[in-house]
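Good morning, and thank you for the time on today's agenda. I would ask everyone to look at the sequence and the structure together as I speak.

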Amino acid sequence: MILRPTRVNLAQRAFATCGPRTNSFRSREANAKSANGKGTEGPHIKDLSPKAVSSSEDTSQGVTGDWVLFHPVYTPEELRSVQVLHRNAETFSDKVAYGFVQLARRIFDLVSGYKHRPLPANFDQLSSEDKRAYLMDETQWLRRILFLESIAAVPGMVAATLRHLRSLRLMRRDSGWIHTLLEEAENERMHLMTFMTLKNPSVLFRTIVLAAQGVFYNAFFLCYISSPKTCHRFVGHLEEEAVITYTRCIEEIEAGHLPDWADLPAPQIAIDYWRLGPDAKILDVIYAVRSDESTHRFVNHSLASLKYSSDVNPFALREPDMTTKGSRICFERADSLHFVQESQKLIENEEERVA
């Protein structure tokens with residue numbers, strides 16, 4: 001059975017996602033203004049006064065609201081619903097994807113200086129110098145996160161570009177894949193922008209990132225041309241590792257091993273992007289980032305289970321709630337079909353209600 005596109009225009013996804021994290025549907029009138037208030041994702045030009053959008057306005061402080069695509073906003077319960085999960089490699093392409101992830105993980109660990117060893121029973125009695133063999137400090141964690149996020153934003157953009165070119169080449173609609181892939185790329189980029197407020201990387205670090213990005217972009221580009229399914233499975237396994245990394249970071253903060261981050265306020269860009277409270281801490285940011293990574297894990301494993309040439313993206317109209325994405329590894333192809341049909345019925349019911 002083929003997952004065919006529904007008759008509903010995929011542009012209605014903004015209508016279908018009520019506030020970024022709820023899956024109920026709301027009217028077009030309610031959608032015109034966010035229930036969370038203006039400015040949560042940067043003010044729309046129509047919400048600004050003529051003076052505010054004047055060409056003579058001082059922009060020396062830079063633009064802060066530079067995100068425009070859909071992204072989830074989580075409740076406290078959803079933030080803590082994420083589980084460390086793994087999808088077993090079943091087919092040959094799955095095993096190839098998982099093998100490359102393990103290789104990439106070792107390379108990333110080596111380049112970023114990442115380490116995570118089980119703590120011995122007498123850890124509390126060890127000297128500060130001996131403890132360093134088991135733990136990373138805040139600077140080391142930032143190095144790891146910045147390197148990870150500078151690479152993690154590549155696959156979504158590569159895949160979206162190739163889907164875009166395919167749509168142009170075949171002169172037909174894309175069935176909703178492009179938007180989801182672009183959302184993933186922007187979301188990963190915003191992770192990087194958030195943590196960049198905590199550390200300005202050195203020239204050497206930027207050079208390493210430049211080289212790694214160049215190699216990874218071109219390698220992923222060529223692999224995606226030959227086997228999109230394998231590439232999405234690769235990203236799904238890569239996001240599994242990201243969830244593990246951020247879970248370990250959360251555990252170390254809560255255990256008191258990163259004292260400088262214990263009460264560190266969340267950057268303003270993170271408060272705006274995830275709509276956190278004004279008193280949010282960096283721990284809340286990392287919880288949100290981990291939830292994003294679990295979403296990418298779920299989406300990419302689900303896309304890898306679809307037929308690339310013909311199946312509709314089940315997340316084009318709406319996404320499952322965070323408790324589903326955090327506790328379930330993916331949708332299999334039959335699950336995606338059911339989810340698309342369910343989305344279609346919800347939209348039809350809403351159209352009848354507001355008619």
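Let me begin with one cut-off: a residue is called exposed when its relative accessible area is over 50%, buried when that value is under 20%, and partly exposed in between. L204 has a relative accessibility of 60%, so L204 counts as exposed. Please keep in mind throughout that this is a predicted model.

I turn to the overall make-up. The chain contains 14 helices and zero strands. Read from the N terminus, its elements are therefore α-α-α-α-α-α-α-α-α-α-α-α-α-α. The chain has 355 residues, of which 48% count as buried. About 17800 Å² of the chain is exposed, and carbon and sulfur atoms supply 57% of that area. Among contacts with a separation of 6 or more, 79% join residues 24 or more positions apart.

Let us return to L204, which is placed in helix α9. Which residues make the nonpolar surface patch? Together with L204, they are F100, L103, I107, L110, V111 and I208, and the patch has an area of about 690 Å². Two elements, α4 (92-112) and α9 (203-226), each give two or more residues to this patch. The largest share is that of α4, with five residues.

From the surface I move to a helix that is mostly covered. In α8, 15 of the 20 residues are buried. Helix α8 covers residues 177-196, and at 1.5 Å a residue it should span 28 Å; the C-alpha atoms at its ends are 29 Å apart, in agreement with that expectation. Within α8, a salt bridge joins the side chains of R189 and E186, at 3.8 Å from N to O. The two residues are three apart in the helix, about one turn. R189 is partly exposed, because its relative accessibility is 29%, whereas E186, at 11%, counts as buried.

The general background to such an arrangement is brief. An α-helix has 3.6 residues a turn, so residues three or four places apart point the same way. Side chains of opposite charge can pair when their charged atoms come close.

How many salt bridges does a search of the whole structure find? The search finds 13. One of them is in helix α14, where E350 and R353 meet at 2.8 Å, N to O. E350 and R353 are three residues apart in that helix, about one helical turn. E350 has a relative accessibility of 6% and so counts as buried, while R353, at 54%, counts as exposed.

Another salt bridge joins the side chains of E342 and R318, at 2.4 Å from N to O. E342 lies in helix α14 (residues 333-354) and R318 in the loop between α12 and α13 (322-327), so this pair ties together parts that are 24 residues apart in sequence. E342 is partly exposed, with a relative accessible area of 34%; R318 is buried, with 6%. There is also a network of salt bridges, which links R87, D94, R233 and E332.

Next, I would like to consider two buried residues and their surroundings. S291 belongs to helix α12 (residues 282-304). Is S291 buried or exposed? Its relative accessibility is 0%, so S291 counts as buried. Leaving aside residues up to four places away in sequence, S291 touches Y74, E78, L79, V82 and M322. S291 and G326 are 35 residues apart in sequence, with their C-alpha atoms 7.1 Å apart in space.

The other buried residue is T245, in helix α10 (residues 228-254). Its relative accessibility is 2%, so T245 counts as buried. With residues up to four places away in sequence again left out, T245 touches R105, Y114, W141 and R144.

A loop residue offers a further example. T75 lies between α2 (28-32) and α3 (76-79), and with a relative accessible area of 34% it is partly exposed. T75 and A288 are 213 residues apart along the chain, yet their C-alpha atoms are separated by 9.5 Å.

Finally, I come to the cysteines. The count of disulfides is zero, on a cut-off of 2.5 Å between cysteine sulfur atoms. For C231, the nearest cysteine sulfur is that of C223, 5.2 Å away, and C231 is in no disulfide. C231 is buried, with a relative accessible area of 5%, and C330 is buried as well, with 4%.

Terms used. Residues numbered from 1 in each chain as written. Predicted model: local features only at pLDDT ≥ 70, side-chain atom pairs only at ≥ 80, totals over all residues. Heavy atoms only, no water. Patch = residues over 30% accessible without salt bridge, like charges linked within 9 Å, V, L, I, M, F, W, Y side chains within 5 Å. Areas by Shrake-Rupley, 256 points an atom, 1.4 Å probe, with all protein chains shown as cover. Salt bridge = Lys/Arg side-chain N within 4 Å of Asp/Glu carboxyl O. Helix = DSSP H or I, 4+ residues; strand = E, 2+ residues; numbered from the N terminus. Buried < 20%, exposed > 50% of the residue type's maximum accessible area, 1.4 Å probe, protein only. Expected span 1.5 Å × (residues − 1). Contact = heavy atoms within 4.5 Å.
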